[in-house]
Amino acid sequence: MEANTDALALADGLLSCIRFPSEDWEIADSTLQFWCSLAGYILGLEVNNAENRKNLEECFVPIFSALVDALLLRVKVDDSTYNDNGCILDLPNGLEQFRMNLVELLVDTCQLLGSALFIQKIFLGSWMSSSMHIAWKEVESKLFMLNAVAEVVLKEGHRFDITIIMQLVMILSNKASADLRGFTCIVYKSLADVIGSYAKWMSAPQTNTRPLILFFGTGIRQPFCSSACAVAFRKFCEEAAEILHELSNLEILIWMGEGLEERKLPLEDEDEVVGAITLIFCSIPDKKLMYNLFVRFLSPSYETIEKLIEEDNVHALRQNPSTYIESISSAGRGLHRIGTVFSYLTTHLSPALGPDESILELLDVFWPMLEKLFLSKHIESASLSTAACRALALAIQASGQKFGILLPKVLDSMSSNFISFQSHECYIRTASVIVEEFGSKEEYGPLFIRTFERFTSSTSVMALTSSYICDQEPDLVEAYTNFASAYVRSCPKEVLAASGSLFQVSLQKAGICCTALHRGAALSAMSYMICFFEVGVAFLVEPEASTPGRSIQDMVIRVISLSSEGIISNLVYALLGVSAMSRVHKAATILQQLGAVCSLSERREWKTVVCWEILHRWLYSALQTLPAEYLKEGEVESLVPIWMKAVVGAASEYLESRRQCGGETNNRGGHMQGEGGRLLKRLLREFADNHRNIPNLVNCN
């Protein structure tokens, strides 16, 4: 590849477009596609020998080197477009968009030039003539470019002198709070982004540790910088866990944690800070010290909750609505922090340090307080219930089977509170977590059956009698059907065999919900039906001797025989209207599984209640009962034979796939993979596409 005179003139002209001073960035932005395409093309070339590579470098390295110089000027905040009066905290809209569009080009250019040359150009010249006079706008633009290419620089391993970064850290950290405003906050944020991206290198010198923690702590208190500093703090802690074990550093972490309640950070930023502190504490080898630090760290959160539930305060708080709302909010945030701690304990606490003891010591304080909260009048607050359930679910996942001793109380609390506050589906979601953790324990079977019964018989679940109602309660539908799926997947066969009536009702509700316009509600309902049929088929293919009394097989056949006609009818409704295409795959899977059940029943006594002939009748009835205007004349008679043939083929492939894969219950290899499955899916897609413009029916039970 060679660069002729015209090509060089074109490149020079486009560089002039980048350099062109303007109050907007449209001209410079219009050239980015060219530069990206050129850089991508060069990077994709096969360079077979040293001579070709040398020619390539001689042609293009000077051009892209000049491009970096031009971009350094163009990404800088211009005095004509930004008036730093101390109040403006955002970059001009045009510059913000230009920078977003520029990142890909910077990455390609860094790869093309090599990180060594790219970094050299960024650090060329003095970033600061003295601590009294710093060209902050130039510094900020260099920080942006340094951050944009971090992945390439780290991969190539070309280290740069981080003392310049640390000088900026010291200067900004030492500024008074009143001086952290305007453009200084933008610089602070850009510097935090760089430290986070290069955390692995920034954490290496131990002398950097305390200044950086103080830098993060100061920045987190500034609204504009809080998110960048919180993320950078977490990344730094991930790299510097062992370095932070000094008591003086741990005290700073406690100080940062204790201030969270006062700062009212966005929850996602608070999660970053709490998570960072937690992973440091998790890595401390002294278990007693670790526990004491967690107690101190969580004490402000516990105090906000205990203050809310103190009996003497209930009446006084309700007399002052604004104070009460603030107390509810503070308690909710405290619960959120506690939950985040438990979530990090699950993944970061080393088994060698005795995680069971450490977590259980925290639970000894947590559960009695939470139990009291669940029994209080305050729990009628939806936000407080959600925060409490989240914290409880994460605590259960962190403690695992050690939580079993509390299970009866916890599950009773979940079902009782849902019955009292049926708009709070968070209780069902938490019960799902419990079933997933403990469902395999047969001794808890009666407890899980009773919980399933209470949820199923609740007024709100029983009211799910039409697609319209399901659309009004999508969160409830998703929570209930997800619980039912967890129940089917997790509980032993003895428990499932005793739950036939519950499955019959829940599948009826799922069938209705799959016709809802709300995509999430409909798909979660269909996922539950698939889950039930998947597990059901697994039991049906077992040898008779492995299922004493065949109670589980009899339950499966009974539920399918009583529920499937309604399910098929609802599946047909779900394939009508504009939202049908997203449901084709799951609808085809359910029909495939029903076909598998029919195939297994053909040679058994179950044939009298579930067989191909009955499935044919159900399918014909489902299409026939549609209003006349939804189908063409004779369409039912033509569709049913074609669909049945496809179902037969898909079912055969599904059962064969199970046999080849050892009959694993969670095997999904047989779904729609063979010719019959693909044909069935195509037929349903064509049906849905042909009836896309038909108004959705409000399907009722």
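Buried means under 20% relative accessible area, exposed means over 50%, and partly exposed lies in between (1.4 Å probe, protein chains only). This is a predicted model, in which local features need pLDDT of at least 70, side-chain atom pairs count only at pLDDT 80 or more, and totals for chains, interfaces and linings use all residues. Residues are numbered from 1 along each chain as its sequence is written, and side-chain values use heavy atoms, with hydrogens and water left out.

**Figure 1. The whole chain has 35 helices and 0 strands.** Helices (H or I, at least four residues) and strands (E, at least two) are DSSP runs, numbered from the N terminus. Of the 701 residues in the protein chain, 55% are buried. Contact means heavy atoms within 4.5 Å. Among contacts with a separation of 6 or more, 77% join residues 24 or more positions apart.

**Figure 2. The largest nonpolar core has 251 residues.** A nonpolar core is a set of buried Ala, Val, Leu, Ile, Met, Phe, Trp, Tyr and Cys residues joined through side-chain atoms within 4.5 Å. Trp35, Phe281 and Phe342 have the most contacts inside this core. Helix 30 (residues 519-540) gives the core its largest share, 14 residues. Leaving out residues up to four places away in sequence, Trp35 touches Ala11, Leu14, Leu15, Ile18, Ile63, Phe64, Leu67 and Leu105.

**Figure 3. Helix 33 (residues 612-624) crosses helix 34 (residues 635-660) at roughly 140 degrees.** Their axes come within 10 Å. Helix 33 is therefore oblique to helix 34. Angles under 35 degrees count as roughly parallel, over 145 as roughly antiparallel, 65 to 115 as roughly perpendicular, and the rest as oblique. Axes are lines fitted to C-alpha atoms, for helices over the stretch in contact, and angles run from 0 to 180 degrees between N-to-C directions. The crossing is right-handed. Right-handed means that the near helix is turned clockwise from the far one by less than a right angle, and left-handed means anticlockwise. Helix 33 residues in the contact include Trp612, His616 and Tyr620. Helix 34 residues that they meet include Glu637, Trp643 and Met644. The contact has 13 nonpolar, 2 polar and 1 charged residues. Ala, Val, Leu, Ile, Met, Phe, Trp, Tyr, Cys and Pro count as nonpolar, Asp, Glu, Lys and Arg as charged, and the others, Gly among them, as polar.

**Figure 4. Helix 31 (residues 551-574) and helix 32 (residues 584-601) cross at roughly 145 degrees.** Their axes come within 12 Å. This crossing is left-handed. From helix 31, Ile557, Ile560, Ser564, Ile567, Ile568 and Leu571 take part. They meet Ala587, Ile590, Leu591, Leu594, Val597 and Ser601 in helix 32. By class, 10 residues are nonpolar, 2 are polar and none is charged.

**Figure 5. Thr430 sits in helix 23 (residues 426-438).** Its relative accessible area is 2%, so Thr430 is buried. Beyond its neighbours within four places in sequence, Thr430 contacts Cys389, Leu392, Ala393 and Met414.

**Figure 6. Gly677 belongs to helix 35 (residues 675-690).** Gly677 counts as buried because its relative accessibility is 0%. Val648 is 29 residues away from Gly677 in sequence, and 9.3 Å away in space, C-alpha to C-alpha.

**Figure 7. Lys264 occupies the loop between helix 15 (260-263) and helix 16 (267-282).** Lys264 is not a glycine, yet has a positive phi of about 55 degrees. At 38% relative accessibility, Lys264 is partly exposed.
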